[in-house]
Amino acid sequence: MSLLLSKSRKLICLKPKIGFLSSVYHHHTLISPNLRTPFRILGLNQPHFASFRFESTKAQTQLNPMHNIHNDSQVLDFPGGEVKFTSHLNFIPETREERVQCYRVLDDDGYPITSDFAQIEKEVALKIYTDMVTLQTMDTIFYEAQRQGRISFYLTTVGEEAINIASAAALKTDDFIFPQYRESGVLLWRGFTIQEFANQLFGNKHDYGKGRQMPIHYGSNKHNYITVASTVATQLPHAVGAAYALKMDAENACTIVYFGDGGSSTGDFHAALNFAAVLDAPIIFFCRNNGFAISTPVSDQFRSDGVVTKGQAYGIRSIRVDGNDALAVFTAVQEARKMAVNERKPILVEALTYRAGHHSTSDDSTKYRPAKEIEWWRRERDPVSRFRKWIDREGWLHSQVESELCSNIRKQVLQAIQVAEKQEKPPIKDVFTDVYDVSPANLQEQEISIRETIRKHPQDYPTDVPL
């Protein structure tokens, strides 16, 4: 067992045993992955576990809403279930005595500290590593392309590669992805090509969004990846609705919705969790708690113990994991998916990580956090190098192959940029299509107007946009 120093300078225990917080509050109970028996922490007595809803007593007892149990205590037969009375004036404390523990498999040097994790085949492990390296390379080159003025905006996943790739690896292709904007690695895992990424960033005629979206706002029907929206956390209620539809259709699938710690400070977050809990929707809420909502640290966002405890507050089984540990993320999401699909239940996963890059190309994070802190996380807790050490010890990685991998990926990204840059932009007509079956008169007038304006003032408009 080891400790992680959070950005709020509080110690968080990194626990090797995977356990989900029960959706029903019984002291400090954790539930083992097989969901049969809870295990104890903090030396507390093992309490009774009930994963089902609170059940009201039978109709005949409702004539007497107060009745005896064990002769010495009374209960109120409330519509939501029986509630025991007490003569003690006790307020539920605002925080636990100890923070919720963080599930981890690999230490910082890539050594397993437990055998309690999902076994990964060699081919899957190598693809996880390859895609993490690809994601890092894409981020480096595309970021530089923005700085050169070749694209207007970019956002990296530096420090969060394990969250992207390992979580995607634990899902099935029939599961629907509702991303925020830092999950390009999930799309990469599903087969979105480097050229397709470049086409979207440059907004050319091959961009599936037809150039209407900002760069990094990817989407793919083929890969069940819902298009990114800039508005924070609006994807959460949508994901719950989609999950409920999967449940109604008896599909063997779930949805997963990604969001940051800042997203948990929105009203949509709370509405979505309650919606999912009440309807027992098969959804995984995946929170990337990287410590900052752009420049706002978590200490200025909420007083709760992160996001994991909010799941339990809404009656949702929850777990906290080390987001820089690919094996821990893979195991937790794989177990979460089993629960969501087999039990038709919502699950919340909070991954503790650190955004080791700027929020976006519009941000300078050294204005609100020390540069040395950023470099320390990049150097000491890089998820890619940690996973690399593990697969290297397994004998699955060879230095020559790795060297060729990095070189080939870099060539592919540079080639994709050159190809994407030379393509025409989508035609003007695409600005006005795909909303109405029959375009209304006002839009027809606007289309005529913009075409006339471009013809009169061609010097003010790009030459690669077909009329």
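**A buried arginine, its partners, and one helix**

Let's start inside this predicted model with Arg320, which is buried, its relative accessible area being just 1%. Its side chain meets that of Asp305 in a salt bridge, 3.1 Å from N to O. Asp305 sits in the loop between β14 (296–297) and α7, while Arg320 belongs to strand β15 (residues 317–322), so the pair links distant parts of the chain, 15 residues apart. Asp305 is buried too, at 11% relative accessible area.

Strand β15 also holds Asp322, which pairs with Arg386 of helix α10 (residues 383–393), 64 residues away. Their side chains form a salt bridge of 3.0 Å, N to O, and both residues are buried. If you follow the charges outward from here, you will find a network of salt bridges linking Arg104, Asp108, Asp322, Arg381 and Arg386.

The whole structure has 24 salt bridges. One of them joins Arg150 to Glu421, with the closest N and O atoms 2.9 Å apart. Because Arg150 lies in the loop between α1 (122–147) and α2 (161–169) and Glu421 in helix α11 (residues 399–422), this pair ties together parts 271 residues apart in sequence. Here Arg150 is partly exposed, at 35%, and Glu421 is partly exposed, at 34%.

Now turn to helix α6. Its buried residues are Phe269, Ala272, Leu273, Ala276 and Ala277. Viewed down the axis of α6, they fall within an arc of 125°, so they line one face of the helix. That spacing fits a familiar rule: an α-helix has 3.6 residues a turn, so residues three or four places apart point the same way. Among the elements covering the buried residues of α6 are α5 (235–248), β11 (255–260) and β16 (347–352).

Methods
Residues numbered from 1 in each chain as written. Predicted model: local features only at pLDDT ≥ 70, side-chain atom pairs only at ≥ 80, totals over all residues. Heavy atoms only, no water. Buried < 20%, exposed > 50% of the residue type's maximum accessible area, 1.4 Å probe, protein only. Helix = DSSP H or I, 4+ residues; strand = E, 2+ residues; numbered from the N terminus. Arc of directions from axis to C-beta. Contact = heavy atoms within 4.5 Å. Salt bridge = Lys/Arg side-chain N within 4 Å of Asp/Glu carboxyl O.
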